[in-house]
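Please look over the sequence and the structure below before reading on. The paragraphs after them go from the whole chain to its parts.

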Amino acid sequence: MRGFAWGLGAGLTVAAGTLVAWPQAGSVLASAQGPLQTQVQEQWAALRSWLGSPASGPGAEPRSTPAALVPLAPARVAAEAAQSADVPITLSGIGTVQAYNTVNVRSRIDGEITRILFREGQDVKAGDPLALIDPRPLQAQADQQEAARLRDQALLDGALLDLQRYEALVLKDFASQQQVDRQRALVAQYRAQIKSDEAQVAYARTQLAYTTIAAPFAGRTGLRLVDQGNYVRAGDASAIVVVTQLQPISVVFTLPASAVARSRLTLGEVSAPVRVFGADERTLLDTGTVELVDNQVDPATGTIKLKASFPNAKLTLWPGTFVNGRITVDIRSQGVTIPLTALRHGPRGDFVFVVQEGSKDGSKSGFHVATRTVTPGQASGGRLLIEKGLKAGERVVTEGHYRLETGTPVTIIEKPEPHPAPSPRPPS
């Protein structure tokens, strides 16, 4: 055998060298192809007969078993049992934080701002004064209207006394009925004038109240846009300050209309719990409720808007920022879940490797794996919901898939616990 191996190797070496050094060697080798082929076939037959005959004699060397006949060592894998629990079915999407209420505080009258009563970024309550406008012109108008009302009230009182006299005189024929009727009309006229005066007084007092600009609701002020001493008008486009309500706060989500239609959500007012996370999709910012599903779908994008409300107690949500939301639309009772790393993808669909006791040939010792076709569902928090194909308690392989196929023997290893990093040693 050793001679055959050395001879074959030397022949191949010589042939390669000849082809490199002598381009015409191809035709010579072609003419010698027949004898060489016959010689190789004879040596191969001798090798097969040697492999088939048992070694004999005291000096016979033991032959090694071919590598293909050596049984493979069990593959080392990590496995975890499928769990059964109530699994929330959620819709995920990106939302935009919006202030629950936003108002541009403007003046409703013309006048000079005499005082600014707020600080930029201050939290204010409903009714807190924000600015004062010079009240003196409007105070004078209110006093003038009040005086006109008192004048007309005095005229009414005199007309009522005259009406009483005329009514007494007409009974004794000292006055005509026409005079009585004329006096009654004059009394009614004065009464109407007093109502007009009272309306003018109320209007003047309302205008006077507008000299104190107050916060319409509890919120937080922004930048001061008008300084003290400026003259403002009721029709100015610029605001004095912008007040936003941050507690509670709203988030508007934009989701595919088809996904919303498959859930239990309906158009209009709804109530569904929702959680919002930061950009890393792990940091929980707040928990709230979806209160509204818009009544129309955007035909350009096929999406629909959902509006949710959050208490925002820790002020983690700021207007204008983007958040990741998970809206719970259903609860799957006793759903089977597995680690996300256990799912495999193949040409025939998704599957997992299930660990079974015993070996493939029927032995009761050890473990082997079998492929199982599954129908995956929703993935959340590193776990995957299995809709079909797996039962709770069955162990699936989570690590070490690359050597596996149906019937492969395996050894289950325990995943090591993560150890904390050693603290740095103090400098000596």
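What follows is a walk through the chain, its cores, one helix, some strand pairings and a few loop residues.

The model shown is predicted. Its chain has 428 residues, and buried residues make up 29% of them. The secondary structure comes to 6 helices and 20 strands. Among contacts between residues at least 6 apart in sequence, 71% join residues at least 24 apart. The accessible surface of the chain is about 27900 Å², and carbon and sulfur atoms account for 55% of that surface.

Where do the buried nonpolar residues gather? The largest nonpolar core has 27 residues, and the ones with the most contacts inside it are F253, V290, L306, F310, L317 and I327. Two or more residues each are given to this core by strand 2 (83-105), strand 9, helix 6 (257-262), strand 10, strand 11, strand 12 and strand 13. Strand 9 supplies the largest share of the core, 5 residues. F253 can serve as a way into its surroundings: beyond its neighbours within four places in sequence, F253 is in contact with residues including G93, I94, V274, V276, L306 and I327. Apart from this core lies another, of 19 residues, and A131, I133, V226 and I240 are among them.

Strand 9 covers residues 241-256, and P248 is found in this strand. The peptide bond that joins Q247 and P248 is cis, with omega at about 0 degrees.

Helix 4 is the next element to find, at residues 136-171. Does its length between the ends agree with, or depart from, the span expected at 1.5 Å a residue? The 36 residues of helix 4 should span 52 Å, and because the end C-alpha atoms are 54 Å apart, the two values agree. Buried residues of helix 4 include L138, A142, D152, L156, A159 and L163. In an α-helix there are 3.6 residues a turn, so residues three or four places apart point the same way. Helix 5 (177-209) is included in what covers the buried residues of helix 4. Just after helix 4, D173 takes a positive phi of about 65 degrees.

Strand 1, at residues 75-81, has pairings with strands from much later numbers in the chain. With strand 20 (residues 409-412) strand 1 pairs in the parallel sense over 3 bridges, and there the bridge partner of R76 is T411. With strand 19 (residues 395-399) strand 1 runs antiparallel, joined by 4 bridges. In strand 19, R395 is the bridge partner of A81.

Some loop residues remain. R119 sits in the loop between strand 3 (111-116) and strand 4 (123-124). Is R119 buried or exposed? R119 counts as exposed because its relative accessibility is 59%, and the cut-off for exposed is over 50%. The C-alpha atoms of R119 and T221 are separated by 7.7 Å, although these residues are 102 residues apart along the chain.

E281 is in the loop between strand 10 (268-277) and strand 11 (284-293). Its phi is near 60 degrees, a positive value in a residue other than glycine. With a relative accessible area of 45%, E281 is partly exposed. L315 lies in the loop between strand 12 (303-310) and strand 13 (322-339). Phi of L315 is positive as well, near 55 degrees, and L315 is partly exposed, with a relative accessible area of 28%.

Key:
Residues numbered from 1 in each chain as written. Predicted model: local features only at pLDDT ≥ 70, side-chain atom pairs only at ≥ 80, totals over all residues. Heavy atoms only, no water. Pairing = 2+ DSSP bridges. Buried < 20%, exposed > 50% of the residue type's maximum accessible area, 1.4 Å probe, protein only. Contact = heavy atoms within 4.5 Å. Areas by Shrake-Rupley, 256 points an atom, 1.4 Å probe, with all protein chains shown as cover. Expected span 1.5 Å × (residues − 1). Core = buried A, V, L, I, M, F, W, Y, C linked by side-chain atoms within 4.5 Å.
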